[in-house]
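Here's a quick tour of one protein chain, written for someone who'd rather be at the bench. Have the sequence and the 3D view open as you read.

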Amino acid sequence: MAGMIRHRPQVITALAVCVLPLAACSWQEAQETSHSSSAAPAAEVGPSSAPTPQVPGDGTFPRVQDVDRTDVESTARTAAVLLHSWDTALDRTETAAAIRATALMSDKWAEAQVEPARNSAQGDWLGPAAHRAYSRAQAVPAIGDVSQEVGSDKAVRAYEVSWRWASRDGEPASGTGKRQVTIYLEKRSGAWEVVGHQSQEMAAGEAGS
């Protein structure tokens, strides 16, 4: 993916006294670092005579209105999947998925999800775009101690997200992907919201599940 866009919002005071130094460090990094896909342009798709899909992913993507916002796992897992739910027939960049997930984010983090102004071809999307394909993503908890509670109203959740492509033209759409994504959450007014996220590519042999 392209270079990261750095933001420097105010450091969360509560993390300064956190007894979990690793979580506190990751939390600050997430607040300062925008998700890499927000700077990575996707493939430019030429005109097509096929009808424009009425809804992204033909209705297969998770719906934010179905999320139990009182449950940190429901909020975090849905966000992780939505961030990797792309529709090449509708989306200009990968950031379009993050924008669809903004209903699960804090106002500040939602504002940080901005698509790049300029597009250029991205190899991973060229094949799927030729079939007007959309991704089918799934998330499983990542192995390790990244996921943890950071106080009663803050949490970190890490997932291994993998996806394949579903074609719309009857021909197979090749290509799969795998990332580890870390979601940072805070509970406000009884509802969990995403205040940061970051991801890294995983090789096939790195999968823990």
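What follows starts with the whole chain and then moves to one helix and a few single residues.

Keep in mind that this is a predicted model. The secondary structure adds up to five helices and five strands. Follow the chain along its sequence and you get the pattern α-α-α-α-α-β-β-β-β-β. Of the 209 residues, 48% are buried. The accessible surface is about 10300 Å², and carbon and sulfur atoms contribute 50% of that. As for contacts with a separation of 6 or more, 69% of them join residues 24 or more positions apart.

Now for helix α5, which covers residues 123-130. Which of its residues are buried? They are Trp125, Pro128 and Ala129. Looking down the axis of α5, these buried residues fall within an arc of 100°, so they line one face of the helix. There's a general rule behind this kind of pattern: an α-helix has 3.6 residues a turn, so residues three or four places apart point the same way. The other side of α5 has Gly123 and Ala130, and both are exposed. What sits over the buried residues? Strand β3 (154-166) is included in that cover. Just after α5 comes arginine 132, with a positive phi of about 50°.

Strand β3 is also home to serine 162. Is serine 162 buried or exposed? Its relative accessible area is 18%, and buried means under 20%, so serine 162 counts as buried. Setting aside neighbours within four places in sequence, serine 162 contacts Arg136, Ala137, Gln138, Gly177 and Lys178.

Isoleucine 143 is another residue to look up, in the loop between β1 (134-141) and β2 (148-149). Its relative accessibility is 62%, and the cut-off for exposed is over 50%, so isoleucine 143 counts as exposed. Its C-alpha atom is separated by 10.0 Å from that of glutamine 180, although the two residues are 37 residues apart along the chain.

Here are the two single residues again, in table form.

| Residue | Location | Relative accessible area | State |
|---|---|---|---|
| Serine 162 | strand β3 | 18% | buried |
| Isoleucine 143 | loop between β1 and β2 | 62% | exposed |

To find these spots in the 3D view, you could begin at α5 with Trp125, Pro128 and Ala129 on its buried face. From there, go to β3, which is part of what covers them, and pick out serine 162 in that strand.

Terms used. Residues numbered from 1 in each chain as written. Predicted model: local features only at pLDDT ≥ 70, side-chain atom pairs only at ≥ 80, totals over all residues. Heavy atoms only, no water. Buried < 20%, exposed > 50% of the residue type's maximum accessible area, 1.4 Å probe, protein only. Helix = DSSP H or I, 4+ residues; strand = E, 2+ residues; numbered from the N terminus. Arc of directions from axis to C-beta. Contact = heavy atoms within 4.5 Å. Areas by Shrake-Rupley, 256 points an atom, 1.4 Å probe, with all protein chains shown as cover.
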